[in-house]
Amino acid sequence: MSQTPPKHLMKSRMEKAADMKDEDKLYKWEGVLYSSILSPPETLDKLKDLQAREDDLILVAYPKCGFNWMVGVLRKILNASTGKDVKPPERPPLVEFLPPDVQEELPEMPSRRLLGTHLHPDKMPATFFTKKPKILVVFRNPKDTLVSYFHFMNKNPVLPSAESWDKFFSDFMSGEVAWGSYFDHALAWEKRLDDPNVMIVTFEELKQNLPEGVKKVSEFFGLPLTEEQIGSVAGESTFSAMLKKSQDSHGNFGNVFFRKGEVGDWKNHFSDVQSKQMDELFQEKLAGTKLAAKLKYDLYCQ
């Protein structure tokens, strides 16, 4: 694809962000907040025409659930399984960041394409489901997700500052953050858990046993690896290893996308009252669901 190199693209977006007031950096499209700079209305409108392929690798995650980490893992799996050194594309795989002219170039990309999104399933291109590509969804416990999102907002100049912790906590709980409510996303994927083309993995299970996660993901996408390759991919994909290489993979944004990557950092931020409020909301929204069991909320959030 003939694309603008990311450093030029990001520079133009940084310049735009520098001239924009915080209150103008988010806007509502179909009832959900999005970045005015990264995902303007014309970009999201155009996405409705995006044509997926059956052999696409679709990666989905609510913001700060491990998306960029899994992008790196998937690229290593692709390289190992094909025996090719597949260079990362010049643009990130998030389709809602691709301007209309770039979206029109997507058909020129050779298979297998890696396409990603933070979008709610109802906002995703319809062909992500009708063409039946494999969809990998990454979730993370909501308390650590909230903490990571808070720091991300304050580090990323194209998004408004999160202001105070208490204000962001309130916004997150009510779903008034970019890409919408964590719980709306979770409930939407709960309905698709029995879809054979959908697999959900959690940030926590990947942290606990990354080789097993690499094996599951590679088999799901039909990209078989040897035990030696699984070990190699996992070794190169630990959060600490990818953090060290983030300057090469993400330039000056390495420290924006990769922070701590820890499980349980929420304990350093939540008050007892806030922790109880999140516990109650989780129970209200997700109690008894298969996804709740997979998230192991009682283990990681209490």
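Q: Buried means under 20% relative accessible area, exposed means over 50%, and partly exposed is anything in between (1.4 Å probe, protein chains only). Are Asp-279 and Lys-143 buried or exposed?
A: Both Asp-279 and Lys-143 are buried, so each has a relative accessible area under 20%. Keep in mind that this is a predicted model, where local features need pLDDT of at least 70, side-chain atom pairs need 80 or more, and totals for chains, interfaces and linings use all residues. Residues are numbered from 1 along each chain as its sequence is written, and side-chain values use heavy atoms, without hydrogens or water.

Q: What makes Asp-279 and Lys-143 a salt bridge?
A: The rule asks for a side-chain nitrogen of Lys or Arg within 4 Å of a carboxyl oxygen of Asp or Glu. In this pair the closest N and O atoms are 2.9 Å apart, so the salt bridge label holds.

Q: Where in the chain do Asp-279 and Lys-143 come from?
A: Asp-279 sits in helix H15 (residues 272–286) and Lys-143 in helix H6 (residues 142–155). They are 136 residues apart, and the pair links distant parts of the chain. For the naming, helices (H or I, at least four residues) and strands (E, at least two) are DSSP runs, numbered from the N terminus.

Q: Why is H6 called oblique to H15?
A: The axes of H6 and H15 cross at roughly 125° and come within 11 Å. Axes here are lines fitted to C-alpha atoms, for helices over the stretch in contact, with angles from 0 to 180 degrees between N-to-C directions. Under 35 degrees counts as roughly parallel, over 145 as roughly antiparallel, 65 to 115 as roughly perpendicular, and the rest as oblique. An angle of roughly 125° falls in that remainder, so H6 is oblique to H15.

Q: Which residues put H6 and H15 in contact?
A: From H6 it's Pro-142, Lys-143 and Leu-146. Across from them in H15 are Ser-275, Met-278, Asp-279 and Phe-282. Contact means heavy atoms within 4.5 Å. Lys-143 and Asp-279, the salt-bridge pair, turn up here too.

Q: How do you know that Asp-56 and Arg-113 form a salt bridge?
A: Their side chains come to 2.7 Å, N to O. That is within the 4 Å limit, so the pair passes. Asp-56 lies in the loop between H2 and S3, and Arg-113 in the loop between helix H4 (100–103) and strand S4 (114–117), 57 residues apart.

Q: Why do Asp-56 and Arg-113 count as buried?
A: Asp-56 has 0% relative accessibility and Arg-113 has 2%. Both values are under 20%, so buried is the word for each.

Q: What does the salt bridge between Lys-48 and Glu-30 tie together?
A: The closest N and O atoms of Lys-48 and Glu-30 are 3.0 Å apart. Lys-48 lies in the loop between helix H2 (41–47) and strand S3 (57–61), and Glu-30 in the loop between strand S1 (26–29) and strand S2 (32–35), so the pair ties together parts that are 18 residues apart in sequence. The structure holds eleven salt bridges in total.

Q: Why is Glu-30 called partly exposed?
A: Its relative accessible area is 44%, which lies between 20% and 50%, so partly exposed fits. Glu-30 also has a positive phi of about 50° although it is not a glycine.

Q: What makes Glu-163 exposed?
A: Its relative accessible area is 56%, over the 50% line, so Glu-163 counts as exposed. Glu-163 has a positive phi too, near 60°, and its place is in the loop between H6 and helix H7 (165–174).

Q: How do you know that Pro-100 is partly exposed?
A: Pro-100, in helix H4, has a relative accessible area of 25%. That is between the two cut-offs, so partly exposed it is. Leaving aside neighbours within four places in sequence, Pro-100 is in contact with Glu-42, Thr-43 and Lys-46. Pro-100 and Leu-44 are 8.6 Å apart, C-alpha to C-alpha, and 56 residues apart in sequence.

Q: What is the omega of the peptide bond from Ser-111 to Arg-112?
A: Omega is near 0°, and the bond is cis. Arg-112 is found in the loop between H4 and S4.

Q: How many helices and strands does the protein have?
A: There are 17 helices and six strands. Of the 302 residues, 55% count as buried. Among contacts between residues at least 6 apart in sequence, 72% join residues at least 24 apart.
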